[in-house]
Amino acid sequence: MVGMDAQMVKVEVDISPGLPNTLIVGLPDTAVKEARDRVRAAIRNSGGTFPMKRITVNLAPADLKKIGPTYDLPIAIAVLVSSGQISFDTSDALFLGELSLDGSVRHIHGILPMVAMARENGIARVFVPADDAAEASLITGVKVFPVVALGQLVSYFLGETDIKEFEGDGSWQESLEHDQRIDLTHIKGQEHAKRALEVAAAGGHNVLMVGPPGSGKTMLARALATILPALALNEAIEVTKIYSITGLISKDMPLIKQRPFRSPHYSTSHAGLVGGGRIPHPGEISLSHRGVLFLDEFPEFNHMALESLRQPMEDRVVTISRAEGSLTFPANFILVAAMNPCPCKN
C-alpha cells in the first residue's frame with residue numbers, strides 16, 4: 001500500500017548451491033525480513049520441505065519500500081515453485097496473506113484496494129485469507145479463492161483438493177441504510193439547532209454549537225448523520241478502502257454501509273487528527289470521509305491541529321509530506337464542533 005493505492009510487487013526466488021541462508025532484498029522492513037522464519041516453519045509444518053540451500057528472495061520493484069506481513073504467502077509459494085515441489089502458472093494470480101508457524105493464513109490490512117489494483121492490472125484470480133474473502137469479493141470481475149492454510153493451497157496445486165471460488169451472499173448489495181440508534185426525530189425541542197443541522201446537511205456546511213454542558217450538543221451531532229443522504233455504492237467502497245487500510249474492517253461486515261461518525265478526544269495528537277507518522281497513515285479526518293467529524297470541547301484541541309484543518313476543509317483532501325515522499329488521503333467531511341460558552345460554564 002502507498003497511501004490509498006496499492007502497488008504490484010512481484011516475488012522472485014532463486015535457489016542456488018551454497019551454505020543454507022535466506023536473503024530477502026528489495027527494501028524490506030523488519031516485518032518482511034522476519035518472513036523468512038515464518039515461511040520456513042510454515043512450509044515444514046505443512047508437509048513441505050524447505051530447501052537447505054542459498055535462497056535469494058527479490059521483491060520487485062526494488063526501489064519501493066516493502067512493509068508488513070503481506071508477502072508471507074507469495075514468498076512461500078515462490079519457494080515451493082522454485083524448488084520443484086509444486087507446479088503452477090502464477091502469471092494471472094495474486095497471493096496475499098500472513099503465515100503463522102503452523103501454516104495457517106491470517107488476516108491482513110488493505111485487502112480491498114489490493115484486489116481493486118489486481119483487477120486494474122488484468123489479474124483474474126486472487127488467493128486471500130479466508131477471513132478476508134468477503135471483503136475481497138466486493139470487487140467484481142476477479143475470482144476470489146479463500147485460503148485457510150498453506151497446506152490446503154499446496155494440495156490444490158497438486159490436484160489433490162479443490163478450493164471453491166468465494167461467492168458472497170449479496171447482502172452488501174442491499175440498500176445502504178442509516179444507523180438508526182440516534183435519530184433527529186428522537187430529539188424534542190432545540191428547533192433552532194435542528195434547523196441548523198438541516199441546512200448543514202443540505203449544503204454540506206460546517207456547524208459550531210455553543211451551549212452549556214447537558215444541553216444536547218453531542219446528541220444533536222450524532223443525529224446529523226441520519227439526515228444525510230445514504231451512501232452510494234461507489235462512495236461506500238471508497239470509505240471501506242480507508243477503513244481497510246487502517247484495519248478497522250470487520251469480517252462480518254466487509255462493507256461500510258453507514259456514513260462515518262468520528263468523535264476524537266481533544267487530547268488527540270496532530271498526526272492522529274490529520275494523519276501522519278513515519279509512514280503516513282490516514283487520520284480522523286480521513287476516517288470521517290463522506291461522513292461527520294465531531295470535535296467536542298473544541299477550544300481544548302491543540303492549536304496546530306485545528307489550524308491544520310483549514311486546507312483539508314477547503315480542498316477535501318489532505319496531503320502529508322515526509323522525507324520518503326508525499327501521500328494524499330481523501331477528507332471530504334462535515335465538521336461539527338461543540339464548545340461551552342465560557343470557562344465559568346464548565
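E297 sits in the loop that runs between strand 13 (292-295) and helix 12 (303-307). That makes a good starting point for a walk through this predicted model, moving from backbone details to the spaces inside and on the protein.

**Backbone details**

What is the sign of phi at E297? It is positive, about 55°, although E297 is not a glycine. R316 joins it on this list, with a phi near 65° in a residue other than glycine. R316 belongs to the loop between helix 13 (310-315) and strand 14 (317-322). Most residues other than glycine have a negative phi. The two are set out below.

| Residue | Phi | Relative accessible area | Loop |
|---|---|---|---|
| E297 | about 55° | 27% | strand 13 to helix 12 |
| R316 | near 65° | 27% | helix 13 to strand 14 |

Are these residues buried, exposed or in between? With a relative accessible area of 27%, E297 is partly exposed, and R316, also at 27%, counts as partly exposed. The reasoning is simple: partly exposed covers values between the 20% and 50% limits.

Another backbone detail concerns a peptide bond. A60 and P61 are joined by a cis peptide bond, with omega about 5°. Most peptide bonds are trans. P61 is part of the loop between strand 3 (54-60) and helix 3.

**The largest pocket**

Helix 3 turns up again here. The largest pocket holds about 1,400 Å³ of space. Its lining is made of 48 residues, and those closest to the pocket centre are M1, Q7, V9, Y71 and M114. Which element gives the most to this lining? Helix 3 does, with five residues. Elements that each supply at least two lining residues include helix 3 (72-82), strand 1 (10-16), helix 4 (111-120) and strand 15 (325-330); strand 4 (93-95) and strand 12 (281-282) do so too. Sorted by class, the pocket lining has 27 nonpolar, 13 polar and eight charged residues.

**The cavity**

How many cavities of 30 Å³ or more does the structure hold? There is one, and the largest cavity has a volume of about 40 Å³. Its lining consists of T22, I24, R36, V39, F50, I55, V57, I75 and V79. Strand 2 (21-25), helix 2 (35-45), strand 3 and helix 3 each give two or more residues to that lining. By class, the cavity lining divides into seven nonpolar residues, one polar and one charged.

Helix 3 thus ties several parts of this tour together: the P61 loop leads to it, the largest pocket draws five lining residues from it, and the largest cavity takes two or more.

Technical notes. Residues numbered from 1 in each chain as written. Predicted model: local features only at pLDDT ≥ 70, side-chain atom pairs only at ≥ 80, totals over all residues. Heavy atoms only, no water. 1 Å grid on protein atoms, 1.4 Å probe; cavity = no way out; pocket = protein on both sides within 12 Å on 5 of 7 lines; lining within 4 Å. Points joined across faces, edges and corners; volume = space filled by probe spheres on them. Helix = DSSP H or I, 4+ residues; strand = E, 2+ residues; numbered from the N terminus. Nonpolar A, V, L, I, M, F, W, Y, C, P; charged D, E, K, R; others polar. Buried < 20%, exposed > 50% of the residue type's maximum accessible area, 1.4 Å probe, protein only.
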